[in-house]
Amino acid sequence: MTKSPNIRSLTAQAVEQVVEKGQSLSNVLPALQQKVPEKDKALLQELSFGVLRTLSQLEWFIGKLMARPMTGKQRTLHYLIMVGLYQLLYTRIPPHAALAETVEGAVVLKRPQLKGLINGVLREFQRQQEALLNEFAQHDSRFLHPSWLVKRLRTAYPAQWEEIVEANNQRPPMWLRVNRQHHSRDAWLALLEESGITGFPHSDYPDAVRLETPVSVHTLPGFEQGWVTVQDASAQGCIPLLDPQDGEDILDLCAAPGGKTTHILEAAPHANVMAVDIDEQRLSRVYENLKRLGMTATVKQGDGRYPQQWCENKQFDRILLDAPCSATGVIRRHPDIKWLRRDRDISELAALQSQILDAIWPLLKPGGTLLYATCSVLPEENTQQVAAFLKRTPDAQLTLTGTPDSPGIQNLPASTEGDGFFYAKLLKKA
């Protein structure tokens, strides 16, 4: 029999690539999951996400338990110890199994001489666990966020910042979007119930369903037939505000992976939709989503700052700009964001958003609608961005979303609600 891959060593490699090499977990994980049997993919994902969610805590524990950190070629073993600590703290894996598999990971990583060290550190943690947890509860790292981000959240949301941080540290709920071209939401919910899965409708977004417990998409009624799509509730909030209509020319800019492109076509199946994204690799996901849902759109690779390179002098009735942003509203789905982002990124992203807004506004027909959206919770990218645009753009008018002094609608992440998300609806004066 072929020996099963060691999941703990693969997790350590995944975390190392994120933290040390700045790679996104969503890019790193799929390749590593190809190395393990189907039954182990979920565990690899859980451990990778979990270690990154609690990284600052695990780092603090190692600092307490070891005289000096592992460096150089031994660095992967540092993250292997984190994997061991995470299992002992946060999973139902029996401690003896967690220790045995983690220690075995040192052999797989070609450092068998460090088995005793890893075993010793993890056993020492078990002995000191209660005291260490009590001490950590008083430490600045207890928020499991980098200090620069905590500071920004405190400034922006003095009464709510702790709730935002707490929501970011939870596992996200699984939200679905029912394809209204096939079923009403209530009709599909009945099919879901028949299959033994419990779901709840969203009070504001007409296509959104939250599952009581996340499941494999292949257990969802009609997933392969395009009856339903995985998409967070807050992301679904874009389409009621955009209000696409059949026959209109609609631009979805920064469109990959295509969730909002297909939602536009579910709401207005006879609209002429152009989906544009700068990342050619991610555009493959747009094609995949269109194919599964049996839809057609014009898909182009292009930079929002230079629309003349891809728009062919076309003008649009509606534009959805899901602007590149810090993604600070979706940290619970992508915990690596906390450690990949830097404080200086925010001003750079705000400048990029401003450039794109100014570049694409001329593409909007008089009387047309532009919906500016981000998955950020930071005012520099949201209310402040839109307020500045309104001041410098005389033919732009805010509608349905806030006031000129405080433009937009800001969703914050919450346990049974959607992710952090921002929307501002702008009309072009005729």
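Let's start with the salt-bridge network. Four residues are linked in it: D232, R332, R333 and D419. Keep in mind that this is a predicted model.

Take one pair from that network. The side chains of D419 and R332 meet in a salt bridge, at 2.8 Å from N to O. This pair links distant parts of the chain, 87 residues apart. D419 is in the loop between β13 (409-411) and β14 (421-428). R332 is in the loop between β8 (316-322) and α15. Buried or exposed, these two, D419 and R332? Both are buried.

How many salt bridges does the structure hold? The count is 22. The general idea is simple: side chains of opposite charge can pair when their charged atoms come close.

Two more examples. First, R171 and E46. Their side chains meet in a salt bridge, again given as N to O, at 2.8 Å. Here too the pair links distant parts of the chain, with the two positions 125 residues apart. R171 sits in the loop between α9 (161-168) and β1 (175-178). E46 sits in helix α3. E46 counts as partly exposed, because its relative accessibility is 22%.

Now a local pair. E124 forms a salt bridge with R127, and the closest N and O atoms are 2.8 Å apart. Both residues are in helix α7, residues 115-136. They are three residues apart, so about one helical turn separates them. R127 is exposed, since its relative accessible area is 59%. E124 is partly exposed, because its value is 26%.

On to the record annotations. UniProt, in an unreviewed entry, lists residues 164-429 as "domain: SAM-dependent MTase RsmB/NOP-type". In the model, that span is 30% helix and 24% strand. Its end C-alpha atoms lie 37 Å apart.

Which residue does UniProt mark with the feature "active site"? The unreviewed entry places it at C375. C375 lies in the loop between β9 (364-374) and α17 (383-392). C375 counts as buried because its relative accessible area, 18%, falls below the 20% cut-off. What does C375 touch, leaving out residues up to four places away in sequence? The contacts are C325, A327, T328, G329, V330, G420 and F421.

Next, the "binding site" feature, also from an unreviewed UniProt entry. The positions listed are C254, A255, A256, P257, G258, G259, K260, D277, D303 and D322. I'll take two of them.

C254 first. C254 is found in the loop between β5 and α13 (259-267). C254 counts as buried, because its relative accessibility is 19%. Setting aside neighbours within four places in sequence, C254 is in contact with V276, D277, L321, D322 and P324. D277 and D322 are also among the listed binding-site positions.

Then K260. This one is in helix α13. K260 is buried too, because its relative accessible area is 13%. Beyond residues up to four places away, K260 touches Q231, A235, C238, I239, D252, L320, D322 and F421. So D322 is a contact of K260, and D322 is a contact of C254 as well. Likewise F421 is a contact of K260, and F421 turns up again in the list for C375.

Now the strands. β5 covers residues 249-253, and β5 pairs with β6 in the parallel sense over five bridges. Within that pairing, L251 stands opposite M274 in β6. Strand β6, residues 272-277, is mostly covered. Five of its six residues are buried.

Last stop, helix α1. α1 runs over residues 7-21, which makes 15 residues. From first C-alpha to last, α1 reaches 20 Å, close to the 21 Å expected at 1.5 Å a residue. What happens at the start of α1? A side-chain oxygen of N6 reaches to within 3.2 Å of the backbone nitrogen of R8. Just after the helix, G22 takes a positive phi of about 70 degrees.

Which residues of α1 are buried? They are I7, R8, S9, L10, T11, A12, A14, V15, E16 and V18. The cover over these buried residues includes α2 (25-33), α3 (38-53), α4 (55-65), α5 (75-90), α6 (95-108) and α15 (337-340). Helix α3 is familiar by now, as the home of E46.

Conventions. Residues numbered from 1 in each chain as written. Predicted model: local features only at pLDDT ≥ 70, side-chain atom pairs only at ≥ 80, totals over all residues. Heavy atoms only, no water. Helix = DSSP H or I, 4+ residues; strand = E, 2+ residues; numbered from the N terminus. Expected span 1.5 Å × (residues − 1). Buried < 20%, exposed > 50% of the residue type's maximum accessible area, 1.4 Å probe, protein only. Contact = heavy atoms within 4.5 Å. Polar contact = N/O pair within 3.5 Å; in protein donor to acceptor, adjacent residues only side chain to side chain. UniProt positions renumbered as here; feature names shortened; annotations may be inferred. Pairing = 2+ DSSP bridges.
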